[in-house]
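Biologist: Could you walk me through this model, starting with how its strands pair up and then turning to the ligand?

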Amino acid sequence: MDENKRDTYQRLRREVVELLDGTTDSVTAMASCAAVLHDGLAAASWTGFYRVVAPELLRIGPYQGPVGCLEIPFDRGVCGAAARERTSQVVEDVHAFPGHIACDSRTLSEIVVPVFDARGELVAVLDIDSHQPAAFDDVDRQELEELVTILSSHFSSGQEPQPVAPVSSSPHAPEQVTEQVTESS
Ligand code: SME
């Protein structure tokens with residue numbers, strides 16, 4: 001089982017490496033990576049990036065799947081936990097995760113992996129959600145951590161996701177994100 005999963009990741013990694021050859025634009029790199037992973041991972045229902053755009057604030061980046069929340073503070077959700085703790089989060093049951101943000105009520109499990117630049121600064125997180133329970137495990141964590149290291153090597157200096165002013169009002173602004181937060185029971 002894990003053998004097959006490793007093979008899948010090896011193939012997807014090769015695809016990403018080939019696609020990103022010569023790319024130094026972080027948006028191009030993240031968009032291509034999200035597309036390859038979303039298409040290649042059968043369990044994925046949402047695949048994409050949240051970028052660090054201000055202290056303690058994530059904003060949505062390139063993604064595949066249904067509309068996601070626009071902004072996530074570091075103290076919210078699985079993405080916030082991965083950013084705050086600078087470690088991958090493998091969540092078998094999102095309903096058991098305190099502060100999980102339900103952008104898609106069908107999501108049952110997810111994995112979030114931090115993305116660091118060459119200086120070790122957190123620049124984004126990779127979020128993959130699934131409608132299946134416990135869809136991700138430690139093999140996914142290892143493989144995705146390796147993949148985002150390859151990805152971030154394509155963020156040339158000055159092309160990393162850059163801090164910009166927070167969005168103040170929009171259909172998915174932080175106020176609404178907060179309303180969507182489901183506290184665990
Ligand atoms: N599941 C994430 C929120 C982002 S979306 O689901 C696209 C979280 O709790 O961090």
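Modeller: Gladly! This is a predicted model, in which local features need pLDDT of at least 70, side-chain atom pairs count only at pLDDT 80 or more, and totals for chains, interfaces and linings use all residues. Residues are numbered from 1 along each chain as its sequence is written.

Biologist: Which residue in strand 2 is the bridge partner of threonine 47?

Modeller: Strands here are DSSP runs of E with at least two residues, and helices are runs of H or I with at least four, numbered from the N terminus. Two strands pair if DSSP finds at least two bridges between them. Strand 1 (residues 44-54) and strand 2 (residues 57-64) run antiparallel, joined by six bridges. In strand 2, threonine 47 has as its bridge partner glutamine 64.

Biologist: Nice. Which residue in strand 3 stands opposite leucine 58?

Modeller: Strand 2 also pairs with strand 3 (residues 71-73), in the antiparallel sense and over three bridges. These two strands form a hairpin with six residues between them, and glycine 65 in the turn has a positive phi of about 120°. Opposite leucine 58 stands isoleucine 72.

Biologist: And the ligand: which element gives the most to the shell around it?

Modeller: The ligand is surrounded by 15 residues (each with its C-beta atom, placed from the backbone, within 6 Å), and Gly68, Gly77, Cys79, Ile101 and Cys103 are the closest. Two or more residues come from each of helix 3 (77-85) and strand 6 (122-130). With three residues, the element that gives the most is helix 3.
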